[in-house]
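Biologist: I would like a close look at one part of this protein. Please walk me through the sheet beside the ligand, and then show me how the rest of the chain is built around that part.

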Amino acid sequence: MERRQSETVRAEALRMEQSYVSMLYERLDTVRDRTEKALREVLARGASGTRQAAFEREVAADEHARRLSQLSAVERGLCFGRIDDTGGETLYIGRIGLRDDEHESKLIDWRAPAARPFYVATPADPGPLVRRRHLHLRHRTVTGIDDEVFDLDLMSEVDRRTLVGEAALLASLRRGRTGRMGDVVATIQTEQDRVIRSGLPGVLVVQGGPGTGKTVAALHRAAYLLYAHRATLERRGVLVIGPNAMFSRYISQVLPSLGETEVVLSSTGELHPGVHATEEDLPAAAVVKGDLRMAAVVEKAVADRQRVPPGDLEIAVPVRTSLRDGVEVVVEEMTVRMGHAACVRARDRARSLLRPHNLARAAFVRQLLDALARDEAAQLDRPVDEEDLRHSAKNLWQHRAVRDAVDRLWPELTPEGLIGELLSDEELLRSAAEPYLTEAERAVLLRQHDAPWTAGDVPLLDEAAEFLGEDDGPARRRERLAERRRQAEVTYAEGVLAINDLGELMAASDVADRHRDGGPLVTTADRAVRDRDWAYGHVIVDEAQELSAMAWRTVMRRVPTRSLTVVGDIAQTGSAAGARSWGEMLDRYVKGRWREERLLVNYRTPVEIMDVAADVLRAVAPDQAPPESVRYGEAAPRAVRAADTDLRRLAESELRQIGEGRLAIVTPDARRAEVAALFPEVTDPLDATVAVLTVVQCKGLEFDAVVVVDPGTILGQSAKGGQDLYVAITRATRRLTVVYEGALPEMLGRLIGSPG
Ligand SMILES: Nc1ncnc2c1ncn2[C@@H]1O[C@H](COP(=O)(O)OP(=O)(O)OP(=O)(O)O)[C@@H](O)[C@H]1O
């Protein structure tokens, strides 16, 4: 009887919520229709008219198009929560804010201050709330509700619980993995909310064990910051740096699902425009490349390319040429000279300008040509007035031999050219590195000329770019011209915005950038990725424990304001050049000015699997505490002997167990190819049902079931092998199998009951 009554109450509540949610979707449709209509009208106005009219049309079209894509992005799960407070007020929380025609608020954006109680109320500290309700939607239908009633009389029973919306959270955690991270806007937890809404300025470090939602919280933080500081961030942009391109793809859908499409996702191997470094260095090379001494090595490598000849500079140049059969041939040559001491002076003077190498080159060339022209005039017994000298210098510059000589002495260099040659030429490397690196350290850097770029090369390329500067040739001139044109557009845009009273809503420079020359629209994100010197408004670094000291220099250059979110786990550091503490990497830049938030709850890995991981952590990093899991799993983790195991069969049976989910097989680096060959159908690991990955590759990802192959070799493959095993084990959301060779490592003893 009582049960039937509560079912009736529930059905009534569902009906009520459905009617509210239907109203919200109707409203969304209306706003979408209006925006679409406005866009169509603007486009229908055609391309004719004054420059101002064309400009206004472009601005309006772009704004409508952006709004439209945002409105489409929020279709799924538009509204997910409701709060009722002690004053009798009810608010609905959703992906965006919606108002009715009377301007009354119908849906609160999750990022608005008014939505905050939804995320921070706990039974122990409910704030003004009497109830929090989670709404579950399938398409536009309300399929369920979860209530938490903050009834003070019941507090003693529940006040130990700190999970927000526990039922909704657990339902979300139990879902099978899709290969792409999803947003968690409906179930953000209080400790994560603190991270997400922490202020924009300064450096926030988010330290937390595996599965504590560091990545997902950092991405929601990006969306929050864009909402709360749109004026600042839309112009300068937000950059999210992950460990590799696969990780960037893994997280790529979170921000669009929150209606934010303009955040730049990059990886440490892609921070230097034009280079996509996918390879990893061996640990010994990674350590040397990541060391700050490499900045001095690169500086010396540049200085080494500013040469003087061992004696006088002598260049044979044609004096007379004639045409034979239409081909110009040299009939007389002369040798023009510049004394050794003068060469040294020219080099030192060019260096003393303290300009980057490619920019100082012009000064060196000028002095060289001047000296050669004087010598030429003296030999030909010509008078030397300034005008003549300029003329003969210009003539000399036309000669191939002169240009070749200059290129030998002070070549125009690209970062790729400089670093590529430095690392593959024993002599260049010895000269640049001898003062700073030992012979053994130099030896590990040396590699083949055509070796692919590694992630560890990228900070070196970036460093080189600093010392080389852009060349002052045609590219630079084009750039200056473009900048002047841009300035003119900004002035023009300011005028247009003032006339139309839009000045407060849009920055003229943004408008000018997006509508310049009627060419393709250029977003902040587009411009930022292409520009090495771009200064972002905020940078989020994920898996930040892996960055070397040199990589931090590269990151810091991208954000002169030092507004950063640094996300990672010191206990998971796998790179030999990575961080042992946050202070070690950050104090150099922001000593005493970085703040830390800790995330302590693991939402990914069930208790039974986390117990195994905790044993590993205790053995390899006893000073680090593992996070606490929020739920129990469905199957006990197990260990099986490799000798008794057919990996393909094991994979098939795991896949049967997890149904729709995904399986990862994590192998030692040296065994990946051999294991991957057993699963030839695997293409993109993110889309495959079976992904065969090394530990580096699986970092940051998660899978319903994980098979760890040969843990003994993983443990031994580097000084951080223990951390690697910890990472591998904590990728599992439901099932873990360890396939071991010989004896099971002692730290995994729990898997077969007793150690040994
Ligand atoms: N509040 C939440 N609601 C629902 N799911 C959550 C929540 N927080 C985290 N998760 C889920 O937990 C899993 C782990 O999150 P995430 O990958 O962000 O953790 P992490 O701390 O970055 O882990 P790692 O250090 O191992 O890479 C993800 O599936 C994420 O969606």
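Modeller: Here is a tour that starts at the ligand, moves into the sheet, and then goes outward. Keep in mind that this is a predicted model.

Start with the ligand. A shell of 22 residues surrounds the ligand. The closest are Thr 187, Pro 210, Gly 213, Lys 214 and Thr 215. What classes of residue make up the shell around the ligand? Polar residues number 11, nonpolar residues seven, and charged residues four. Two helices deserve a name here. α5, residues 166–174, supplies at least two residues of the shell, and α7, residues 214–228, also supplies at least two.

Follow α7 to the sheet. The helix lies across β7 (203–208), β8, β12, β13 (564–568) and β14. Its direction makes about 165° with that of β13.

Now the sheet. It is open and has six strands. Read across, the order is β9-β8-β12-β13-β7-β14. The pairing is parallel. Why is one side of β9 and of β14 left without a neighbour in the sheet? β9 (264–267) and β14 (594–599) stand at the edges, and each has a single partner strand, so one side of each stays without a neighbour. Neighbouring strands are turned by 20° against each other on average, direction ignored. In general, strands of a sheet pair through backbone hydrogen bonds, either parallel or antiparallel.

Zoom in on one pair. β8 covers residues 238–242, and β12 covers residues 538–541. These two run parallel and are joined by four bridges. Ile 241 has Val 541 of β12 as its bridge partner.

Val 541 also has a place in the interior. The largest nonpolar core has 146 residues. Val 541 is listed among the members that touch the most others, together with Ala 222, Val 666, Val 706, Ala 728 and Ile 729. Which element gives this core its largest share? That is α7, with nine residues. So the helix that helps line the ligand shell also feeds the core.

Val 666 takes us to another sheet. Leaving aside neighbours within four places in sequence, Val 666 is in contact with Leu 693, Val 695, Cys 698, Val 706, Val 708, Val 709, Ala 728 and Arg 731. A second, separate core has 20 residues, including Leu 313, Phe 364, Leu 368 and Leu 372.

Here is that other sheet. It is open, with five strands in the order β17-β21-β20-β18-β19 and parallel pairing. Its edge strands are β17 (638–641) and β19 (690–694), each pairing on one side only. Neighbouring strands are turned by 25° against each other on average, direction ignored. β18 (residues 663–667) and β19 run parallel, joined by five bridges. Leu 663 has Val 690 of β19 as its bridge partner. Helices pack here too. α27 (residues 647–658) lies across β18, β19, β20 (703–709) and β21 (732–740), at about 160° to β20. α31 (residues 721–729) touches β18, β20 and β21, and its direction makes about 145° with that of β20.

Antiparallel pairing also turns up in the chain. β1 (residues 79–85) and β5 (residues 129–138) pair this way over five bridges. Asp 84 has Arg 131 of β5 as its bridge partner. β5 then runs antiparallel to β6 (residues 141–149), with eight bridges between the two. Leu 137 stands opposite Val 142 in β6. β5 and β6 form a hairpin with two residues between them. In its turn, His 139 has a positive phi of about 50°.

One loop is worth a stop. Pro 309 is found between α12 (293–304) and β10 (313–324). Is Pro 309 buried or partly exposed? Pro 309 has 14 other C-beta atoms within 10 Å, so it counts as partly exposed. Beyond its neighbours within four places in sequence, Pro 309 is in contact with His 340 and Cys 343. Its C-alpha atom is separated by 9.5 Å from that of Gly 339, which is 30 residues away along the chain.

Finally, step back. The protein chain has 31 helices and 21 strands. Of its 756 residues, 39% count as buried. Take the contacts between residues at least 6 apart in sequence: 73% of them join residues at least 24 apart.

Methods:
Residues are numbered from 1 along each chain as its sequence is written. This is a predicted model: local features need pLDDT of at least 70, side-chain atom pairs count only at pLDDT 80 or more; totals for chains, interfaces and linings use all residues. A residue is near a molecule or strand if its C-beta atom, placed from the backbone, lies within 6 Å of it. Ala, Val, Leu, Ile, Met, Phe, Trp, Tyr, Cys and Pro count as nonpolar, Asp, Glu, Lys and Arg as charged, and the others, Gly among them, as polar. Two strands pair if DSSP finds at least two bridges between them. Axes are lines fitted to C-alpha atoms, for helices over the stretch in contact, and angles run from 0 to 180 degrees between N-to-C directions. Two residues are in contact if their C-beta atoms, placed from the backbone, lie within 7 Å. A residue is buried if 20 or more other C-beta atoms lie within 10 Å of its own, exposed if 12 or fewer, and partly exposed in between; C-beta atoms are placed from the backbone. A nonpolar core is a set of buried Ala, Val, Leu, Ile, Met, Phe, Trp, Tyr and Cys residues joined through C-beta atoms within 7 Å.
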